[in-house]
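Student: Please pick out one part of this model and look at it closely. I would like one connected answer, with the terms explained as you go.

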Amino acid sequence: MNRAFNRKKDKTWMHTPEALSKHYIPYNAKFLGSTEVEQPKGTEVVRDAVRKLKFARHIKKSEGQKIPKVELQISIYGVKILEPKTKEVQHNCQLHRISFCADDKTDKRIFTFICKDSESNKHLCYVFDSEKCAEEITLTIGQAFDLAYRKFLESGGKDVETRKQIAGLQKRSSRSSRCWIQDLETENTELKNKVQDLENQLRITQVSTSPAGSVTPKSPSTDIFDMIPFSPVSHQSSIPTHNGTQPPPVPSRSAEIKRDLFGAEPFDPFNCGAGDFPPDIQSKLDEMQRQRWRGSKWD
């Protein structure tokens, strides 16, 4: 840190070491705002920043806007800028990120410091207005730096590194807490989509395999007159039983059948069933059978 208050380095510090190392020193001031600067230190750098913010303050004042009041809490860990009533932290400037601090020689009410932003890594110049305590606040920040440097030497450089690690962990935890719920919601949505896809695939598989896996009875083929063709096996099996008994089997014809000179089977009307002829032919056959029986009787 480039101390612009070196003129006071031989003086005794205003606060006890315990007040800055174990607690903090509060101050009230008006906050003119912050602006980005190109360099981390330099009197001309802060002078341009003060000129810019003062001009912006005059514009706001002409519009009826008041300069906001803030509370500063200074310790060996940094400078906190809070809202005085609600104690809400507006800015938390860690001490190892503050590179320059000074009070304005031309305007005794103005004091500034430059701090590197932890997220954007930009150098921001914070400007304050304190009617009575501008120089005292600057010296208090200088004393906090002196105590932090002594503690750094006593701890062999471990203390500052520990503070940096803690600050990094706090930064990651604050980000992870915001993203944790979003990650869970995204994972839940992905799982729901996977389950839905599996259900759709299962339905498609069942529909595609059901015709091949199930055996559907085939209806018997019919002829042009929608008649089922005759089958000896099916015909016998379809005859209903009478009084629990099966009908007598149809005698099978001999495999060797005598044929006439022309290769035709001889006609035997007595081996044919009664239902094989029309009624007029059947009656003639019955008459011929009676005559034959009578002739054999008289012989």
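**Rings, core and strands**

Tutor: Start with two rings in one helix. Tyr149 and Phe152 both belong to helix H3, three residues apart, or about one turn of the helix. Helices are DSSP runs of H or I with at least four residues, strands are runs of E with at least two, and both are numbered from the N terminus.

A word on the source. This is a predicted model, in which local features need pLDDT of at least 70 and side-chain atom pairs count only at pLDDT 80 or more, while totals for chains, interfaces and linings use all residues. Residues are numbered from 1 along each chain as its sequence is written, and side-chain values use heavy atoms, leaving out hydrogens and water. The score pLDDT is the predictor's confidence in each residue, from 0 to 100.

How covered is Phe152? Its relative accessibility is 28%, so Phe152 counts as partly exposed. The scale is simple: buried is under 20% relative accessible area, exposed is over 50%, and partly exposed lies in between, with a 1.4 Å probe and protein chains only.

Now the aromatic pairs. Rings of Phe, Tyr and Trp (its six-membered ring) pair if their centres lie within 6.5 Å; planes under 30 degrees apart are stacked, those over 60 are edge-to-face, and the rest are tilted. By this rule there are six aromatic pairs. Take Phe111 and Phe128: the centres are 5.1 Å apart and the planes stand at 15°, so this pair is stacked. Phe111 is in strand S7 and Phe128 in strand S8, 17 residues away, and the pair links distant parts of the chain. Both Phe111 and Phe128 are buried. Back in the helix, the ring centres of Tyr149 and Phe152 lie 6.4 Å apart with planes at 25°, so they are stacked too. Ring pairs also join Phe31, Phe111, Phe113, Tyr126 and Phe128 into a cluster.

Next, the nonpolar core. Such a core is a set of buried Ala, Val, Leu, Ile, Met, Phe, Trp, Tyr and Cys residues joined through side-chain atoms within 4.5 Å. The largest one has 28 residues, and Phe113, Tyr126 and Phe128 are among those with the most contacts inside it, as are Leu72 and Ile74. At least two residues each come from helix H1 (17-21), S2, S3, S4, strand S6 (98-103), strand S7 (110-116), strand S8 (123-129) and helix H3 (134-154). H3 gives the largest share, six residues. A second, separate core has 13 residues, including Leu32, Val46, Phe100 and Ile110. In soluble globular proteins, nonpolar side chains tend to be buried together.

Look at Leu72. Leaving aside residues up to four places away in sequence, Leu72 touches Ile25, Pro26, Tyr27, Val79, Lys80, Ile81, Phe111, Phe128 and Ile137. A contact means heavy atoms within 4.5 Å.

Now follow the strands. Six of the seven residues of S3 are buried, so S3 is largely enclosed by the rest of the structure. Two strands pair if DSSP finds at least two bridges between them. Strand S2 (residues 25-37) pairs with S3 in the antiparallel sense over six bridges. There, Asn28 has Glu71 in S3 as its bridge partner. S3 (residues 69-75) also runs antiparallel to S4, joined by five bridges. Gln73 is bridged to Lys80 in S4, and Ile74 to Val79. S3 and S4 make a hairpin with two residues between them.

Strand S4 (residues 78-82) has four of its five residues buried. Five bridges pair S4 with strand S5 (residues 89-94), again antiparallel. Val79 faces Cys93 in S5. This hairpin has six residues between the strands, and Lys87 takes a positive phi near 60°.

Finally, the whole protein. Its secondary structure has six helices and eight strands. Of its 299 residues, 24% are buried. Mean pLDDT is 75, with 60% of residues at 70 or more. Residues 1-10 stay under 50 in pLDDT, and so do residues 233-239. Where pLDDT is low, the predicted coordinates should not be read in detail.
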